[in-house]
Amino acid sequence: MEEGQRSAKWYESILNRRTMICVFTGFASGMPLYVLFQLLPAFLRDQGVGLKEIGLFALVTFPYTWKFVWAPFLDSYTPPFLGRRRSWMLITQVLLLVSIACLGSLNPEFSIGMIAYLALAVAFFSASQDVVIDAYRREILPDEELGWGNSVHVQAYRISGLVPGALGLILADIMPWSSVFVVVALFMLVGIGMTLVIKEPDTAARLPTSLKETVTQPFIDFIKRFGWKPAITALCFMFLYKLGDNMATALSTPFYIDLGFELTEIGVVAKSSALWASIVGGILGGLWMIKLGINRALWIFGVVQVVTILGFAALSEIGANSWVLAIVISLEYLGVGLGTAAFTAYIARSTSVAFAATQFALFTALAALPRTFANATTGYIVEAVGWTDFFLICAVLSLPGMVLLWWLAPWGGDKKIEAV
């Protein structure tokens, strides 16, 4: 009887309404980002815009890094219709639908500045939607489902890129760009429909009563729940856990080219292997975390991350072999998917329900810093030591984050830090 109850709990943790909500939140959250990263550059290049100008468009994505600045206001202010979370979700989703649809109606030859402003608006609305969706997900998921729910969200986020990155480009061959952007924008109706049918979370959290409380209380709450030293240790861990992984993949395409792979090989083998391996890894990671718990998952998946980085070092020594490339990439991104699932669940667990939007935005922004660090330094390191030693350095840089697990996530069990 007891075994049957455990099986039922396992089943209910995977297939339930909360899991379906995470599918839709992931899709709605990821699609606007891929519009900016995949569809917009293709549109600009097809219209004759130079590579330098297209490269500068990466600057419009800064709201994703700085979203924690306005997150306190989304945490504390409630629009007067659908509740605190659902209202902001609906507002940002409607604004995203309209702004994405308008992007293709402008002519880059005459309105490149207006396109840049509109792309910046898309990034702002998208980052704001992420803040609210992350908070909503934290509020509806019980602690034992944080790993699985966040994993489902991340995988749906990645799969959403097929809309602007695949469907959008295919449609561009048979219809005007203005129509392509409208069709892609209409996929935001998936998020709008979800927002209208879900329920506002039931939380007993006390909302801030002043501007000062809005800004300071999320930080006070975090320090109060953890304590000063553990809080600083947790922030260091959020920066370090994915550092080696991010550095190892920052220059992956130039690495493949330097080894002698053709561009077609890179596109077909490397990119497809990376996408599906990371998706499989994320799903498996979420499932295993239901049994393992977040603490043990951080240990096991962290070790997998370190070991799979060494696969790049082996590929560097073997050279341009397509089969080895496929195996190394699949294992590496399987590790990426596993590690991301556990890491995202840890971040969610570290937030309090009362200040989920602000704390989640701050923690994810901190976790994104290694990507910036990697992009800025990896080229210099590779030129100084070569590819093989570079990947060995990346593996070593993965270890400090693992060491911090002794204090933050002891193997003996998942420590639950209660929200106040």
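# Exercises on a helical chain

**Exercise 1. Which residues make the nonpolar surface patch of about 240 Å², and how does Met-20 count in terms of exposure?**

Step 1. The patch is made by Met-20, Val-23 and Phe-24. Note that the model is predicted.

Step 2. Place Met-20. This residue sits in helix 2, which spans residues 17–46.

Step 3. Check its accessibility. Buried would require under 20%, and exposed over 50%. Met-20 has a relative accessibility of 46%, so it counts as partly exposed.

**Exercise 2. Describe the chain as a whole: secondary structure, burial, contacts and surface.**

Step 1. Take the secondary structure. The chain has 21 helices and zero strands.

Step 2. Take burial. Of the 420 residues, 53% are buried.

Step 3. Take contacts with a separation of 6 or more. Residues 24 or more positions apart account for 84% of them.

Step 4. Take the surface. The accessible area is about 18,900 Å², and carbon and sulfur atoms hold 69% of it.

**Exercise 3. Which residues have the most contacts inside the largest nonpolar core, and which helix gives the largest share of this core?**

Step 1. Size the core. It holds 119 residues.

Step 2. Find its best-connected members. Leu-40, Phe-237, Leu-298 and Tyr-346 have the most contacts inside it.

Step 3. Assign the largest share. Helix 18 (residues 322–350) supplies 15 residues.

Step 4. Follow one member outward. Beyond four places in sequence, Leu-298 touches Phe-237, Tyr-241, Ala-342, Phe-343, Tyr-346, Met-402, Leu-405 and Ala-409.

**Exercise 4. Which residues of helix 21 are buried, and what covers them?**

Step 1. List the buried set. In helix 21 (residues 399–408), it is Gly-401, Met-402, Leu-404, Leu-405 and Leu-408.

Step 2. Look down the axis. The buried residues fall within an arc of 155 degrees, so they line one face of helix 21.

Step 3. Turn to the face directed away from the buried side. Here helix 21 carries the exposed residues Trp-406 and Trp-407.

Step 4. Name the cover. It includes helix 13 (228–240), helix 17 (294–318) and helix 18.

**Exercise 5. Is Leu-408 buried or exposed, and which residues does it contact beyond four places in sequence?**

Step 1. Apply the cut-off of under 20% for buried. Leu-408 has 12% relative accessibility, so it counts as buried.

Step 2. List the contacts. Leu-408 meets Pro-230, Thr-233, Ala-234, Phe-237, Tyr-346 and Arg-349, leaving aside neighbours within four places.

Step 3. Compare sequence with space. Leu-408 and Pro-230 are 178 residues apart in sequence, yet their C-alpha atoms are 7.5 Å apart.

Notes
Residues are numbered from 1 along each chain as its sequence is written. This is a predicted model: local features need pLDDT of at least 70, side-chain atom pairs count only at pLDDT 80 or more; totals for chains, interfaces and linings use all residues. Side-chain values use heavy atoms; hydrogens and water are left out. A nonpolar core is a set of buried Ala, Val, Leu, Ile, Met, Phe, Trp, Tyr and Cys residues joined through side-chain atoms within 4.5 Å. Buried means under 20% relative accessible area, exposed over 50%, partly exposed in between (1.4 Å probe, protein chains only). Helices (H or I, at least four residues) and strands (E, at least two) are DSSP runs, numbered from the N terminus. Contact means heavy atoms within 4.5 Å. Patches are made of residues with over 30% relative accessible area and no salt bridge: like charges are joined within 9 Å, nonpolar side chains (Val, Leu, Ile, Met, Phe, Trp, Tyr) within 5 Å. Accessible areas come from the Shrake-Rupley method with a 1.4 Å probe; for residues, only the protein chains shown count as cover. A salt bridge is a side-chain nitrogen of Lys or Arg within 4 Å of a carboxyl oxygen of Asp or Glu. The arc is that of the directions from the helix axis to the C-beta atoms.
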